[in-house]
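Okay, thanks for making time for this one. I'll put it up on the screen and then talk you through it.

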Amino acid sequence: MRLRYLTLTAVAFFSAFPLYYSVVVASRHNSALAEVPPPLLPGGNFFANVARVFDTVPFGLALLNSIIVAGSISIAVMFFSTLAGFAFAKLKFRGKNAMLVITVATMMVPAQLGIIPLYMLMVKLEWTGTNYALIVPALVNAFGVFFMTQYLSRALPTELLEAGRVDGCTTWGLFWHVVLPAARPAAAVLGMLTFMSAWNDYFWPLVVLSPDNPTVQVALSTLASGYVNDYVLGLAGTAIGTLPLVAVFALFGKQIIGGIMQGAVKG
Amino acid sequence: MSTLPLAVTRRRGQGMRHTLDVRVSPYAYVAPFFLLFCAFGLFPLVYTAWVSLHEWTLLSETQTFIGLDNFATLLADGYFWNATFNTLSIGVLSTVPQLVLAIWLAHLLNRRLRFQTLFRVSLLLPNVTSVVAVVVIFSQLFGRDFGMINWVLSWFGVGSVDWAAGTASSHVALSVMIMWRWTGYNALIFLAAMQAVPRELYEAATLDGAGNFTQLRRITIPMIRPTMIFVVIVSTIGAMQIIAEPMLFGQSSGGGGGIATGGPDRQFQTLALFVYEQGFANSTFDFGYASAASWLMFLAVVIVAGVNFLITRRAKGGLV
């Protein structure tokens with residue numbers, strides 16, 4: 001039993017240490033990195049380094065873009081996934097099971113392989129360089145639909161819907177007055193998961209956006225790709241661009257983890 | 001008397017609308033997903049095949065049909081095979097230890113423990129860190145001259161390793177980054193499956209004198225097989241598409257080379273990165289060639305995922 005705690009503590013340490021160390025480096029001066037042994041405590045240079053980040057790349061714009069993109073995607077995913085999850089979990093229609101199987105199967109499609117035609121499509125739509133190229137393809141996804149289907153079939157009593165029918169509710173009325181309120185706990189978890197993955201998305205924004213109108217991750221990669229390795233600059237950007245999200249996660253971690261584990265049980 | 005027909009028509013009208021509502025509206029509710037998937041998922045994938053049969057660049061106005069020429073060129077392209085090798089090597093190095101470790105961690109967590117939530121949250125911290133942040137942080141840790149990893153290794157008499165420069169060492173470094181980001185996540189998925197295994201099985205096994213490791217091998221692993229198959233397939237598909245890590249590692253570890261070459265000697269260029277190089281980072285923007293590479297990559301994904309599916313399904317308790 002003691003060994004168990006020791007192992008888990010060691011693993012927790014290795015999970016957290018790189019994040020901690022990035023803050024240490026981000027709050028130092030570049031010269032401190034050459035010290036042996038390396039510095040293990042934060043220094044006093046953090047805000048000066050952050051100021052340099054804002055001077056080097058359009059970081060304010062990047063933050064704004066990321067908030068707009070991740071925010072709209074999360075809201076849309078919550079809404080459309082709950083809608084589809086309601087249909088799959090509680091409504092009867094022909095071909096339902098096959099459609100649900102197809103939905104889950106699409107999660108296995110390696111979407112990255114279609115990247116070239118997807119880019120050509122964005123050129124045609126004149127969406128390259130704009131947030132539309134990031135938002136529209138991500139408005140709803142298979143994971144969200146499956147996740148809400150799982151939750152609603154378990155947590156939403158069918159009697160509640162029947163009672164609504166008797167009172168003369170249309171299907172849409174049921175969705176609006178009964179399903180949406182009942183779906184709130186799971187939708188909140190889904191929203192947080194979606195926000196995090198949209199915020200952290202890197203490759204597609206890199207392909208479709210230009211460096212002068214980036215998201216946070218694209219701006220961070222620009223910072224890190226300078227001709228001279230300025231680790232302090234790169235890690236200062238990382239600290240303000242990703243660590244707030246990690247902190248939010250640590251705060252709501254219990255709920256988010258519960259959500260991930262529930263969504264995963266039936267593969 | 002005159003009110004009766006009116007009531008009947010109204011009821012019939014309502015009935016129509018009711019039928020429409022019950023029969024048709026479900027399709028409208030699931031439609032957004034399918035429309036979006038067809039437009040931005042399925043169509044690009046299928047269209048890739050069409051593009052791959054052409055001499056097709058971003059810059060030229062016309063496209064010439066050239067049949068399978070792109071594929072023939074690819075099969076003779078040393079860089080393509082180099083990328084295939086790197087993908088498989090990094091894939092194996094990152095996925096196999098990762099899944100073994102994840103099962104073991106899940107097994108450790110699958111008990112009544114104090115600080116359960118704290119352990120779980122810390123396990124998942126790496127996963128909510130963006131890939132850019134992960135690579136920037138680890139490029140510093142793996143730095144040749146002042147990196148912490150070389151510093152620790154020097155205690156054991158290991159000279160400073162130039163991690164990004166060598167083929168094997170860069171693959172190890174990239175695998176560590178991938179493992180760091182995904183082990184905890186997979187451990188939680190396994191844990192979710194393990195919690196559904198009836199407790200009595202373990203109690204009975206304990207009474208029979210079966211140790212911890214035997215219980216893991218003989219009870220846990222057979223009971224969570226469906227989840228294992230799922231995780232193995234998803235991890236395989238993910239590993240075959242690795243791109244952001246080598247791309248960023250090439251940028252932030254210095255050493256020259258373009259954004260998409262995976263190091264100056266292409267020592268860690270993966271297939272997905274090769275596709276990106278041909279399509280977007282090359283001065284030719286050769287969409288046709290890149291699409292052909294995409295399709296061969298798709299083939300590789302299907303084959304490797306299929307083989308892993310068969311292995312996982314066959315594997316008896318003795319997997320670990």
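I'll go from confidence to the individual chains, then the interface, the core and a few single residues.

So, first thing: this is a predicted model. For the complex, the predictor reports an ipTM of 0.88 and a pTM of 0.89. Chain B comes out with an average pLDDT of 86, and 92% of its residues score at least 70. Within chain B, the confidence peaks in helix α3, residues 78-109, with a mean of 94, and bottoms out in α1(B), with a mean of 81. And please don't read anything into residues 1-9 of chain B: the pLDDT there is below 50, and beyond near neighbours in sequence that stretch makes 0 contacts in the model.

Okay, chain A. You're looking at 12 helices and 0 strands. The C-alpha trace spans about 75 × 60 × 30 Å along its principal axes. It has 267 residues, of which 46% count as buried. If you take contacts between residues at least 6 apart in sequence, 74% of them join residues at least 24 apart.

UniProt, in an unreviewed entry, puts "transmembrane region" on several parts of chain A, including 98-120 and 132-153. How helical is the chain over residues 98-120 of chain A? The model has it at 65% helix and 0% strand, with the end C-alpha atoms 31 Å apart. For residues 132-153 of chain A, it's 73% helix and 0% strand, and the ends are 33 Å apart.

Chain B gets the same sort of annotation, again from an unreviewed UniProt entry, with residues 88-109 and 227-244 among the spans listed. Residues 88-109 of chain B are 100% helix in the model, end to end 31 Å between C-alpha atoms. Residues 227-244 of chain B are 83% helix, with 27 Å between the end C-alpha atoms.

Now, the interface. 72 residues of chain B are in contact with 74 residues of chain A. On the chain B side, helix α1, residues 3-52, is the top contributor with 18 residues. By class, that side has 53 nonpolar, 17 polar and 2 charged residues. Keep in mind that α1(B) is also where chain B has its lowest mean confidence.

On to domains and the core. Chain B is split into domain 1, residues 3-40, and domain 2, residues 69-319. Their centres, taken over C-alpha atoms, are 47 Å apart. The largest nonpolar core has 163 residues, and the ones touching the most other members are B:Phe190 and B:Ala293. Helix α7(B) supplies the largest share of it, 16 residues. Both domains of chain B give residues to this core, so it lies between them.

If you want to zoom in on B:Phe190, its contacts beyond four places in sequence are B:Ala102, B:Ile103, B:Ala106, B:Ile224 and B:Thr227.

While we're in that helix, look at B:Tyr185, which sits in α7 of chain B, residues 167-194. Why does B:Tyr185 count as buried? Because B:Tyr185 has 20 C-beta neighbours inside 10 Å, and the cut-off for buried is 20 or more. Leaving out residues up to four places away, B:Tyr185 touches B:Leu124 and B:Asn127. B:Phe142, on the other hand, is 43 residues away in sequence and 23 Å away in space, C-alpha to C-alpha.

Next, helix α12 of chain B, residues 271-281. It's largely enclosed by the rest of the structure, because 9 of its 11 residues are buried. Among those buried residues are B:Phe274, B:Tyr276 and also B:Glu277. The cover includes α5 of chain A, along with α3, α11 and α13 of chain B.

Last bit: two backbone oddities for anyone checking torsions. A:Glu126 has phi near 60 degrees, a positive value in a residue that isn't glycine. A:Glu126 is in the loop between α5 and α6 of chain A, and it's exposed, with 10 other C-beta atoms within 10 Å. B:Phe115 also has a phi near 60 degrees, this time in the loop between α3 and α4 of chain B. B:Phe115 has 13 other C-beta atoms within 10 Å, so B:Phe115 counts as partly exposed.

That's the tour, and I'm happy to rotate to anything you'd like to see again.

Note on methods
Residues numbered from 1 in each chain as written. Chains lettered and ligands numbered in written order. Predicted model: local features only at pLDDT ≥ 70, side-chain atom pairs only at ≥ 80, totals over all residues. Helix = DSSP H or I, 4+ residues; strand = E, 2+ residues; numbered from the N terminus. Buried ≥ 20, exposed ≤ 12 C-beta atoms within 10 Å, placed from the backbone. Contact = placed C-beta atoms within 7 Å. Nonpolar A, V, L, I, M, F, W, Y, C, P; charged D, E, K, R; others polar. pLDDT = per-residue confidence, 0-100. UniProt positions renumbered as here; feature names shortened; annotations may be inferred. Domains from an automatic or database assignment. Core = buried A, V, L, I, M, F, W, Y, C linked by C-beta atoms within 7 Å.
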